[in-house]
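Here are some notes to keep beside you as you look at this structure for the first time. Take them in any order you like, with the viewer open.

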Amino acid sequence: MRKFALFFLIFGLFAQQEITIKIKGGVPAIRIAVPDFVRKVKTERGEMSALELEDTFKSDLSFSRVFDPLSPSLLSLVKNRNPEKPDLKAWESVGATVVFVGKVEEKDGKLRFSGKLYDTRTGNFILGKSYYGDEKFSRLMAHRMGDELLKFFGQSPIFTSKIAFISDRDGNRELYIMDYDGANQIRLTYTKGMEMLPAWSHDGEKIAYTSYRRGTPELYVRYIYEGKDKLIATGGSNITPDFSSDDNLLLYSSSLPGNPEIYIYNFRTERKRRITFSHAADLSPKWSPDGRKILFTSDRSGYPQIYIMDKDGSNVRRITFQGSYNASPCWAPDGDRIIYVSRIEGKFNIYLFYLSTSEVIKLSSGFAMNENPCFSPDGRHIVFSSNRSGKYQIYVMDYDGKNLRQLTQMGNNLMPAWSKIKYRR
Amino acid sequence: MKKLALGILTVAFLIALGGCKKKQEVKVVPPISKKAEKKAEVVEEKPIVKPAVEEENIEAMSLEEINRKGYLRRIHFDFDKYNIRDDQKPILQRDYLWLSSHPTVKVLIEGHCDERGTEEYNIALGEKRAKATRNYLVSLGISYDRIKIVSYGKSRPIDPGHNEEAWAKNRRAEFVIIAK
């Protein structure tokens, strides 16, 4: 935020104009021209890394739905490619609002990636950034640069976000993480038990998940960069955790009292508080982005349906009435949209629901299991698992069901959770 | 002469009679003896084969071997249901007999589901199935603290298929002997 304020100061007038741009209804707002990067590399490895960096940066922008990069044929119309002084009039004439000029240099086995963003109408240089690091971090440098662009335009950074998931590629179900685009898949647990249903903290350093390492489903928190686990809940089945935006309160469901009820664990006091009291299975609690309400599922009506309540468990209201089996809800960062799965003829599809209007839109199609949908931190993308190609794999699609892409290949991969960012008022 | 003739007649008659008797015996005896043998077999089986011999086996076997023998049979459930079906009760009654004749044995009941539920709800459903199975055995007389339960939801199907036959197999409660 501080950096953001700085931009405001420096480029006051312009920045204000750009920040009012709203990306709505999937109409890409920012036409960006990204001419091929200038590459100054000495080794073959450097060349490969530089190319990977450029590819990563470009595919980030096309994925975002915030930017609408100019097609190669439009790019080729602009002949003057002086990187120091881009021909902004020419770029404007082919439809670009902004131009990103990138340069990758190799120095002592490391890469320097610098980029400059220009406004084609005003002719202003509006953003400059550079990164320096080992060649193996070329993807990360590209993601960081992309995030700076998103932040500059008032959007949530998502290119450095990660996805936690469960995979049985090595035999039994263990916890993994990967970059949002499927790269860098890393195994985190080696319990030989069974792991399931992970959830990220907002600081990106913790994952709450269920583990059968001691026989029954217990709730743990993994401190990713310390490699440590903390046992949160045991006895009965302890599943479906969700961190509050300050990461101090963890919602989860436990069947310790005899049937699944919703609890809040407080990390500071290390105490638990039960907030639902029904004879039904209450599961999948999710904090609203402002932390004042909780979404959850309950089969108190006979079959699972989605409910909303205040954070103390009062004022319970059912919100889904279409379909006989609705579960696995996820709240969008805007607080108005939720996604969930609905069962029809034994198969699951993903639905979008507007809390303000109760409008329902079907997002996934086909006769397969499409499960555990989860929004990206900017609410524009949805990750989910599906067995549409045989085994369960993890897929990402946009909020309108478009741009489907598969992120995993080996074994069964399921129960994805996209990392979060802090809620900003 | 009269006496002699009478004696001969008597002998002949006796012989004839005897002949008759033999024939009758041949006809009648076999079925009777078969029935008698069958009855004897049934009577012998009950007391001898079952408890004494198996009890000793268990002592000698590892838990793994015992579980491989499958003394306790799994039961199946209806779609989205966790009540014990009437046709599954005789299986649990047999499991009960085995458990009551092995009073030191402790078991884990695993509840499982077919794929047509979410991961989360299947954990809850599998737990209900395991509990229903435990409650039934407890109602027959097995001590509550001999039975632990766990739900695996839909994570461990027996049959990976996507049809009614596979689903019916996968909706189940299984026994794992955890102490002997």
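1. Let us begin with chain B, bearing in mind that this is a predicted model. Chain B contains 5 helices and 4 strands. Following its sequence, you will meet them in the pattern α-α-β-α-β-α-β-α-β. The chain has 180 residues, and 37% of them count as buried.

2. While you are in chain B, have a look at B:Asp80. This residue sits in the loop between β1 (75-76) and α3 (89-101) of chain B. Its phi is positive, at about 65 degrees, although B:Asp80 is not a glycine. As background, most residues other than glycine have a negative phi. Is B:Asp80 buried or exposed? B:Asp80 has a relative accessible area of 17%, and because the limit for buried is under 20%, the residue counts as buried.

3. Chain A offers a similar point to check, this time in a strand. A:Met415 belongs to strand β30 of chain A, which covers residues 413-418. A:Met415 is not a glycine either, yet it has a positive phi of about 55 degrees. With a relative accessible area of 1%, A:Met415 is buried.

4. Next, please find the open sheet in chain A. Four strands make it up: the sheet has 4 strands in the order β10-β11-β12-β13, and their pairing is antiparallel. At the edges are β10 (195-200) and β13 of chain A, each of which pairs on one side only. From one strand to the next, the twist averages 25 degrees.

5. One end of that sheet deserves a second look. Strand β12 (residues 218-223) and strand β13 (residues 228-233) of chain A run antiparallel and are joined by 5 bridges. Which residue of β13(A) is the bridge partner of A:Leu219? The partner is A:Ala233. The two strands, β12(A) and β13(A), form a hairpin with 4 residues between them. In the turn you will find A:Gly227, whose phi is positive, at about 70 degrees.

6. Now to the cysteines. How many disulfides does a search of the whole structure find? The search gives 0 over all chains. A:Cys330 and A:Cys374 are a pair worth viewing here. The closest cysteine sulfur to that of A:Cys330 is in A:Cys374, at 4.3 Å. Turned around, the sulfur of A:Cys374 has its closest cysteine sulfur in A:Cys330. Why is there no bond between them? A disulfide needs the sulfur atoms within 2.5 Å, so 4.3 Å is too far for a bond. As for their surroundings, A:Cys330 is buried, with a relative accessible area of 8%, and A:Cys374 also counts as buried, at 13%.

7. Finally, turn to the second largest pocket, which has a volume of about 460 Å³. Its lining is made of 26 residues, and those nearest the centre are A:Arg173, A:Tyr392, A:Asn412, B:Lys154 and B:Pro157. The elements that give two or more residues to this lining are β28 (391-398) of chain A and α5 (164-170) of chain B. By type, the lining residues divide into 7 nonpolar, 10 polar and 9 charged.

Definitions and conventions:
Residues are numbered from 1 along each chain as its sequence is written. Chains are lettered from A and ligands numbered from 1 in the order in which they are written. This is a predicted model: local features need pLDDT of at least 70, side-chain atom pairs count only at pLDDT 80 or more; totals for chains, interfaces and linings use all residues. Side-chain values use heavy atoms; hydrogens and water are left out. Two strands pair if DSSP finds at least two bridges between them. On a 1 Å grid over the protein atoms alone, a cavity is a set of points where a 1.4 Å probe fits but cannot get out, and a pocket is an open set with protein on both sides within 12 Å along at least five of seven lines; lining residues have an atom within 4 Å of a point. Grid points are joined across faces, edges and corners, and a volume is the space filled by probe spheres set on the points. Ala, Val, Leu, Ile, Met, Phe, Trp, Tyr, Cys and Pro count as nonpolar, Asp, Glu, Lys and Arg as charged, and the others, Gly among them, as polar. Buried means under 20% relative accessible area, exposed over 50%, partly exposed in between (1.4 Å probe, protein chains only). Axes are lines fitted to C-alpha atoms, for helices over the stretch in contact, and angles run from 0 to 180 degrees between N-to-C directions.
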